[in-house]
Amino acid sequence: MKRIHMRIVEKLTEQNISKNQICKDLDIPRGNFNRYCRDEFQRIDARLLLKLCAYFECDINDLLEIIIIDDGSIDNTFSLVKSFIKEK
C-alpha cells in the first residue's frame with residue numbers, strides 16, 4: 001500500500017518557522033493546515049502546493065513523498081516527482 005506524505009513539518013523545522021506564522025503569512029486556516037501536517041487529507045490543493053513551494057523556496061519534490069507501507073511498517077520512501085518522472 002502507498003500513501004503520500006507532505007514534508008511540511010520537516011520544512012517548518014528546517015527553517016525554524018512556526019505553524020502560526022506560516023498560516024498567517026499564507027492566509028491558511030490552522031485546522032486545514034494541521035490536517036496537511038498530519039497527512040490526514042483526501043485531496044491536495046494545487047494552489048496550496050504552489051504557495052508552500054514559494055514560501056519554502058523549494059520544488060514540489062521537496063514537499064511530497066510516496067511512502068510504501070507493507071504489513072504496517074514503512075519499508076521505503078520515494079520522491080513523488082522522481083517516481084512520476086520514471087513512469088513516463
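In this predicted model, helix α2 (residues 19-26) packs against helix α4 (residues 46-56) at an angle of about 115 degrees, and the two axes lie 11 Å apart. The crossing that α2 makes with α4 is right-handed. On the α2 side, the contact is formed by Gln21, Ile22, Asp25 and Leu26, which meet Lys51, Leu52, Tyr55 and Phe56 of α4. Sorted by class, the residues of this contact comprise 5 nonpolar, 1 polar and 2 charged.

It helps to set this helix pair within the whole chain. The chain holds 5 helices and 3 strands, and from the N terminus on these elements follow the order β-α-α-α-α-β-β-α. Of the 88 residues in the chain, 35% are buried. Among contacts between residues at least 6 apart in sequence, 53% join residues that are at least 24 apart.

One pair of residues at long sequence separation can be followed in detail. Leucine 64 belongs to strand β2, and its partner in this comparison, isoleucine 8, is 56 residues away along the chain, yet the two C-alpha atoms are separated by 8.8 Å. Leucine 64 counts as buried because its relative accessibility is 3%, and the cut-off for that class is under 20%.

A second pair returns the reader to helix α2, where asparagine 20 is found. Asparagine 20 and arginine 30 stand 10 residues apart in sequence, with a C-alpha to C-alpha separation of 7.4 Å. Asparagine 20 has a relative accessibility of 54% and is therefore classed as exposed, a label given to values over 50%.

The backbone offers two further points for attention. Most residues other than glycine have a negative phi. Asparagine 16, although not a glycine, has a positive phi of about 55 degrees. This asparagine 16 sits in the loop between α1 (8-14) and α2, and its 72% relative accessibility is why asparagine 16 counts as exposed. Glutamate 57 is another residue other than glycine with a positive phi, here near 55 degrees. Its place is in the loop between α4 and β2 (64-70). With a relative accessible area of 73%, glutamate 57 is exposed.

Attention can now turn to the pockets. The largest pocket encloses about 210 Å³ of space. This pocket is lined by 14 residues, and those closest to its centre are Ile28, Asn32, Tyr36, Asp45 and Leu48. Both α3 (30-37) and α4 supply at least two residues each to the lining of the largest pocket. Which element gives the most to this lining? That element is α3, with 4 residues. The lining of the largest pocket divides by class into 7 nonpolar, 1 polar and 6 charged residues.

Helix α4 thus appears in two parts of this account. It contributes Lys51, Leu52, Tyr55 and Phe56 to the contact with α2, and it also supplies at least two residues of the lining of the largest pocket.

How values were computed. Residues numbered from 1 in each chain as written. Predicted model: local features only at pLDDT ≥ 70, side-chain atom pairs only at ≥ 80, totals over all residues. Heavy atoms only, no water. Axes fitted to C-alpha atoms, helices over the stretch in contact; angles between N-to-C directions. Left-handed = near helix turned anticlockwise from the far one by under 90°. Contact = heavy atoms within 4.5 Å. Nonpolar A, V, L, I, M, F, W, Y, C, P; charged D, E, K, R; others polar. Buried < 20%, exposed > 50% of the residue type's maximum accessible area, 1.4 Å probe, protein only. 1 Å grid on protein atoms, 1.4 Å probe; cavity = no way out; pocket = protein on both sides within 12 Å on 5 of 7 lines; lining within 4 Å. Points joined across faces, edges and corners; volume = space filled by probe spheres on them.
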